[in-house]
Amino acid sequence: MDKFTNSAWFMRIVAFALAALLFISVNFEMESDKKSLGLSTAPENGTETIENVPVEVYYDRENLVVSGVPETVDVTLKGAKSLLINAKSQRDFKVYVDLSDPEISMGDRTVTFKISDLNEKLVATIDPEYAEVNVQERMTKEFKVDAEYNSSLLEEGYTAGQPTVSPETVKITGAKDVIEKISYVKANLEIRKGLNESVNGQATVKALDRDLNKLDVAIEPASVAVSLKVSIPSKKVSIVPEQTGKAKAGVRIKSISVDPTEVTLYGQEASLDKINALNLPVNISKVDGDTELELNLSKPESVQKMSLSKATVKIRTEKVDVEDKDTEEEAEEVVVEEEKTVDKVEPETTESKTFTNLKIIPVGKQDDQEVELDTDVMSITLNGKAEDLKKISKDDISLTVDVSNLDEGKHDVELAVKVPAGVSWELDSKRVAVSVSMAQEEEET
């Protein structure tokens, strides 16, 4: 064994093996260093597509308007993967269209996209490759703004006036041919459904052509303040007390007045036009003497709302002899008994007599009051026996209206009628309108 290891061939073989290992080791380390430094003699290539790259447009923005250039494009890059990764993450290149030539002519043209600040070892493809653009003279013009809203969203019965805009005009800038197409400049105010009150808000301004297509222009200011006044039609009508029921024995109703005398109704005009007064039923069956009641006002179905829900009714009475009442009841009993008999007695015929232009006399007027009646005369028809009617003249009939408890304003007051016994009466109207005002003091001379 010692003889073999001491031989020259053994030493040559070992030396060769060590040299081969050293070469392989050194060569592997050098390749690793080259790769780490990007010095590989055979780099790995690839392809990357970068989407939505912004497009810049170079042109005379003070005097020209360019349209048709897309906002973004897609860029496909080819080259070494290390460079692709850097370009995709940094996005430090630019895609642009150059229309900066001062001699450029107006109108349509085809332009290609260009790329700058890209590593020269990368190859770029742009999608789309070109764009159809339009170059026009830049123009600025002032337009009046018209506000609009959806009137169907208003609550039923409510109306709105013409909306007001502030500022009333805007400046619109764009291509000359586009500015010339502007037919409407609108600001649409958004409102909620069931709107029943005035509203103030902001509305975006839009420029439209005659077919209501939105135009691509710059508007200054882009939005305006819009005010919309919302209201509901109203009408003032008189509150008319309407007597119901039958007065108690020994009680006569002299007058019924209401305070306030008017109420404001709100609703559609067509419905309000049909209402001239608001009746207030007043039941007198439980009235023993002068009474003051607070009664609810009934809202007509066609009315949206009323300014009042209640009114005060003042009832003035007087005591009368119960004998008159007993006589009426006895007469009714006699009629009932007669109906029970087989042979009915023919009722005695009655006649009528009419008196015209009877003066209506206000009673209870205060010294500091002035009283005016809408009508101060009235006709009355008496019904009774002919022999009784012959004895009656105008002097036997009294028409009065009690104004002693009336406040200043207009009132609807029931007439008090006195006629001779044994006859009944009919009036054209049982009530009369009375206006009460404070007397004017005479100036000293």
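**Figure 1. Tyr58 and its aromatic partner.** In this predicted model, Tyr58 is partly exposed, with a relative accessible area of 31%. Its partner, Tyr96, is buried, at a relative accessible area of 17%. Together they make the one aromatic pair that the structure holds. The ring centres of Tyr58 and Tyr96 are 5.4 Å apart and the planes meet at 35°, so the pair is tilted. If you trace the backbone from one ring to the other, you will see that the pair links distant parts of the chain: Tyr58 belongs to strand β1 (residues 45–58) and Tyr96 to strand β4 (residues 94–98), 38 residues apart.

**Figure 2. A lysine over a tyrosine ring.** Here the charged end of Lys305 sits over the ring of Tyr266, 5.2 Å from the ring centre. Stay in this view to find Thr264, a residue of strand β20. Thr264 is buried, with a relative accessible area of 12%. Leaving aside residues up to four places away in sequence, Thr264 touches Ser234, Lys235, Lys236, Lys305, Met306 and Ser307. Lys305 therefore turns up twice in this close-up, once over the ring of Tyr266 and once as a contact of Thr264.

**Figure 3. An open sheet of four strands.** The strands follow the order β21-β18-β20-β23, and their pairing is mixed. At the edges are β21 (277–283) and β23 (305–306), each of which pairs on one side only. Inside the sheet, strand β18 (residues 234–244) and strand β20 (residues 262–266) are joined in the antiparallel sense by five bridges. A handy landmark is Val237, which stands opposite Val263 in β20.

**Figure 4. Strand β25 and two of its pairings.** Strand β25 (residues 351–363) runs antiparallel to strand β27 (residues 377–384), and seven bridges join them. To get your bearings on this pairing, look for Phe355, which stands opposite Ile380 in β27. β25 also pairs with strand β28 (residues 398–402), this time in the parallel sense and over four bridges. The landmark for the parallel pairing is Pro362, opposite Val401 in β28.

**Figure 5. The largest nonpolar core.** This core has 29 residues, and those touching the most other members are Val145, Val170, Ile172, Ile182, Val185, Val205 and Val224. At least two core residues come from each of β12 (169–175), α4 (176–179), β13 (184–188), β14 (199–208) and β16 (223–228). Val145 is a good place to start exploring: not counting residues up to four places away in sequence, it touches Val165, Glu168, Thr169, Val170, Val185, Lys186, Ala187, Val205 and Val224. A second, separate core holds 26 residues, among them Tyr59, Leu77, Val95 and Ala131.

**Figure 6. Two cis peptide bonds before prolines.** The peptide bond from Asp127 to Pro128 is cis, with omega near 0°. Look for Pro128 in the loop between β7 (123–127) and β8 (130–144). Ser166 and Pro167 are likewise joined by a cis peptide bond, with omega about -5°. Pro167 has its place in the loop between β11 (164–166) and β12. These bonds are worth a look because most peptide bonds are trans.

**Figure 7. Positive phi at Asn52 and Asp117.** Most residues other than glycine have a negative phi. Asn52, however, has a phi near 55°, a positive value. Asn52 is found in strand β1. Asp117 also has a positive phi, of about 60°, although it is not a glycine. This aspartate lies in the loop between β6 (114–116) and β7. Asp117 is exposed, with a relative accessible area of 53%.

**Figure 8. Stepping back to the whole chain.** The close-ups above come from a chain with seven helices and 32 strands. Buried residues make up 31% of its 445 residues. Among contacts in the chain with a separation of 6 or more, 70% are between residues 24 or more positions apart. The chain exposes about 29,600 Å², and carbon and sulfur atoms supply 47% of that area.

Methods
Residues are numbered from 1 along each chain as its sequence is written. This is a predicted model: local features need pLDDT of at least 70, side-chain atom pairs count only at pLDDT 80 or more; totals for chains, interfaces and linings use all residues. Side-chain values use heavy atoms; hydrogens and water are left out. Rings of Phe, Tyr and Trp (its six-membered ring) pair if their centres lie within 6.5 Å; planes under 30 degrees apart count as stacked, over 60 as edge-to-face and the rest as tilted. Buried means under 20% relative accessible area, exposed over 50%, partly exposed in between (1.4 Å probe, protein chains only). A charge sits over a ring if NZ of Lys or CZ of Arg is within 6 Å of the ring centre and within 35 degrees of the ring normal. Contact means heavy atoms within 4.5 Å. Accessible areas come from the Shrake-Rupley method with a 1.4 Å probe; for residues, only the protein chains shown count as cover. Two strands pair if DSSP finds at least two bridges between them. A nonpolar core is a set of buried Ala, Val, Leu, Ile, Met, Phe, Trp, Tyr and Cys residues joined through side-chain atoms within 4.5 Å.
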